[in-house]
Structure formats: structure tokens, C-alpha cells
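This report walks through selected local features of one protein chain, moving from single residues to helices and strands. Please keep the sequence and the coordinates at hand while reading.

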Amino acid sequence: MDAHIRIIDLSVRYGDLKVLDKINLEIPRNQITVIMGPSGCGKTTLLKGMNRFLELVDDAHVSGQVMIDDQDIYAPGTDVTEIRKHSGLLAQRPYPLPMSIYDNVAYGMRIHRTVRKGPEMDAKVRHYLQEAGLWEEVKDRLNKPATALSLGQQQRLCLARGLAVNPAVLLGDEPTSALDPVSAQHIEQRLIALKQEYTTVLVTHILRQAKRLADYVIFMYMGEMVECGQAKDVFENPQKERTRAYLTGQF
């Protein structure tokens with residue numbers, strides 16, 4: 001495996017509550033890795049451990065290492081802003097900025113000063129809206145408020161905004177759970193199309209979605225990583241009894 005992310009002895013507590021217990025795993029480059037498991041098993045905590053979003057949670061304590069391209073993102077002196085820039089996050093519900101569609105996509109490029117305004121910025125905004133599968137729907141109203149878009153369009157706009165800062169990794173925390181089936185399908189199709197360019201890690205509790213999207217699977221239960229491997233192997237021939245029980249609907 002060409003591992004893009006390596007997690008070593010990652011443990012997380014919220015106060016006295018242990019949520020993750022010494023997680024060790026590798027996540028392959030340019031594939032869709034799905035973290036699955038029942039509610040409350042630590043899926044989202046594991047995901048947010050990959051971009052240091054856990055530090056935004058009160059009383060969170062993190063130990064262990066998360067290596068992205070051989071850089072330990074928890075090493076002393078690491079620039080947290082740079083870490084988050086290179087790990088785009090799609091939340092359960094879209095949160096467009098209170099500005100125009102154009103300015104939502106341009107926002108990160110302006111903040112980081114990676115693109116000059118004018119024709120260069122116009123071309124970049126168009127490019128990322130196309131990558132998110134939204135350009136044809138909004139090209140004639142780029143200066144309209146982003147909040148006027150439908151929920152599904154807002155989520156694709158948030159995807160475009162995340163791509164615009166040139167991340168190495170895309171993280172999705174149940175990014176289709178608030179969407180209607182057609183909008184969810186749009187997001188799934190875009191994620192599949194983009195995996196040649198980005199390493200993608202998704203959390204889902206929907207087994208059907210995991211089977212549709214996953215190249216690689218991580219099964220979590222009660223804060224432990226029970227089993228991981230190529231999706232075909234895990235779904236067709238799970239090695240652990242708890243994995244078999246989950247896949248057959250016993251819990």
C-alpha cells in the first residue's frame with residue numbers, strides 16, 4: 001500500500017471519557033477510505049483527529065501520532081493553519097459563508113494569497129466550481145448570495161471552497177446525511193471523480209453508501225479499530241466476528 005496517512009497509537013479523551021483507544025492504521029493514497037460503524041463508536045473523532053479539529057472541542061486530550069506524507073501533524077511547533085489548509089473538511093450540513101457564490105470559492109485563495117484577483121481568480125473559481133459539479137447551475141448568478149442555493153448545491157459549493165485551497169486530503173463527516181437522494185448522488189459522484197487527485201476519507205453509518213463508495217474500509221466499534229482492509233475483502237470475507245455481526249445487521 002502507498003500509505004498517505006499513518007495513524008500511530010492515537011488515543012482521544014473528552015475529559016474522563018475515552019473515545020479512541022490506541023488506533024493504529026494506514027490510509028491509502030488516492031482512494032476513498034470509508035470509516036463505518038454504529039453511532040457513538042468514534043468515527044467522527046477519528047476523522048477530526050486527521051486535521052486537528054479536535055483541538056476545537058473543550059476538554060479534548062489527544063495522544064499519539066498522525067503522519068501525513070511523513071509529517072507528524074501533532075509535532076510541537078507544527079503550523080495548525082497549514083495542517084487544516086491541506087485537509088479539506090465537508091461537514092454533515094453545508095455552511096456557506098454569508099457572501100456571494102463567487103466570494104465563497106475565492107475566499108481561501110484570497111486569505112492565503114495564492115491567486116491574484118482578476119482573470120486569474122475568475123478562472124480558478126470556474127475551475128473549482130466545475131470540479132464540484134456546480135458550474136453549469138450557477139455560472140449566471142455568481143454574484144448572488146450563496147445562501148439562496150439549495151441544500152445540495154450549498155454542499156457542492158462547500159466542496160468547491162475546500163478544493164480551492166489545494167488540499168492533499170478530503171475529509172467528509174457524513175457529508176450527504178442532510179441531503180435529498182438526488183443531491184446525495186451528486187456529491188457521491190463528485191467524490192468518486194476526484195479520488196484520482198485527492199486522498200478521501202469519509203465517515204458514514206449507512207452501509208449501502210459504504211459499499212458504493214469505498215475502496216478501503218475501516219470498521220470502528222466502541223472506540224476501537226476492529227478491522228480494516230480493501231473494501232471487497234472486508235465486505236465479502238470479514239475476519240472479525242464483530243465486523244460480520246455489523247455487516248449482517250445484528251447491531
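Is Cys158 buried or exposed? In this model, which is predicted, Cys158 has a relative accessible area of 8% and is therefore buried, since the cut-off for that class is under 20%.

## Cysteines

Cys41 is likewise a buried residue, its relative accessible area being 3%. With a disulfide taken as a pair of cysteine sulfur atoms within 2.5 Å, the count for the structure comes to zero disulfides. For Cys41, the nearest cysteine sulfur belongs to Cys228 and is 14 Å away, so that Cys41 is in no disulfide under the 2.5 Å limit.

## Helix α6 and its surroundings

Cys158 also appears among the buried residues of helix α6, which covers residues 151-163. Eleven of the 13 residues of α6 are buried, so the helix is largely enclosed by the rest of the structure. Besides Cys158, the buried set includes Gln153, Gln154, Gln155 and Arg156, together with Leu157, Leu159 and Leu163. The packing partners of these buried residues are the helices α3 (101-112), α4 (119-131), α5 (135-138) and α7 (181-194), along with the strands β6 (87-90) and β7 (169-173).

The length of α6 can be checked against its residue count. At 1.5 Å a residue, its 13 residues should span 18 Å, because the expected span uses one less than the number of residues. The end C-alpha atoms of α6 are 19 Å apart, which agrees with that expectation.

## The loop between α1 and β4

Asn51 sits in the loop that connects α1 (43-48) with β4 (60-68), and Arg52 lies in the loop between α1 and β4 as well. Asn51 is buried, with a relative accessible area of 0%, while Arg52, at 11% relative accessibility, also counts as buried.

What does Asn51 touch, not counting residues up to four places away in sequence? Its contacts are Ile73, Ile83, Arg84, Ser87, Leu89 and Leu171. For Arg52, leaving aside neighbours within four places in sequence, the contacts are Ile73, Tyr74, Ala75, Thr78, Val80 and Arg84. Ile73 and Arg84 thus appear in both lists. The side chain of Arg52 additionally makes a polar contact, at 2.5 Å, with the side chain of Glu55.

## Strand β9 and its partners

Strand β9, made up of residues 216-221, is mostly covered, with five of its six residues buried. On one pairing, β9 runs parallel to strand β3 (residues 32-36), and four bridges join the two; within this pairing, Thr33 has Tyr216 of β9 as its bridge partner. On the other pairing, β9 and strand β10 (residues 224-230) are antiparallel and share six bridges, with Gly229 of β10 as the bridge partner of Val217.

The hairpin of β9 and β10 has two residues between the strands, and in this hairpin Met222 takes a positive phi near 55 degrees.

## Tyr107 in helix α3

Tyr107 lies in helix α3, one of the elements against which the buried residues of α6 pack. With a relative accessible area of 38%, Tyr107 is partly exposed, because this value falls between the 20% and 50% cut-offs. Leaving aside neighbours within four places in sequence, Tyr107 is in contact with Leu97 and Met99. How far apart are the C-alpha atoms of Tyr107 and Val217? They are separated by 33 Å, with the two residues 110 places apart along the chain.

Note on methods
Residues are numbered from 1 along each chain as its sequence is written. This is a predicted model: local features need pLDDT of at least 70, side-chain atom pairs count only at pLDDT 80 or more; totals for chains, interfaces and linings use all residues. Side-chain values use heavy atoms; hydrogens and water are left out. Buried means under 20% relative accessible area, exposed over 50%, partly exposed in between (1.4 Å probe, protein chains only). Contact means heavy atoms within 4.5 Å. Two strands pair if DSSP finds at least two bridges between them. A polar contact is a pair of N or O atoms within 3.5 Å; within protein, one must be able to donate a hydrogen and the other to accept it, and residues adjacent in sequence count only if both atoms are side-chain atoms.
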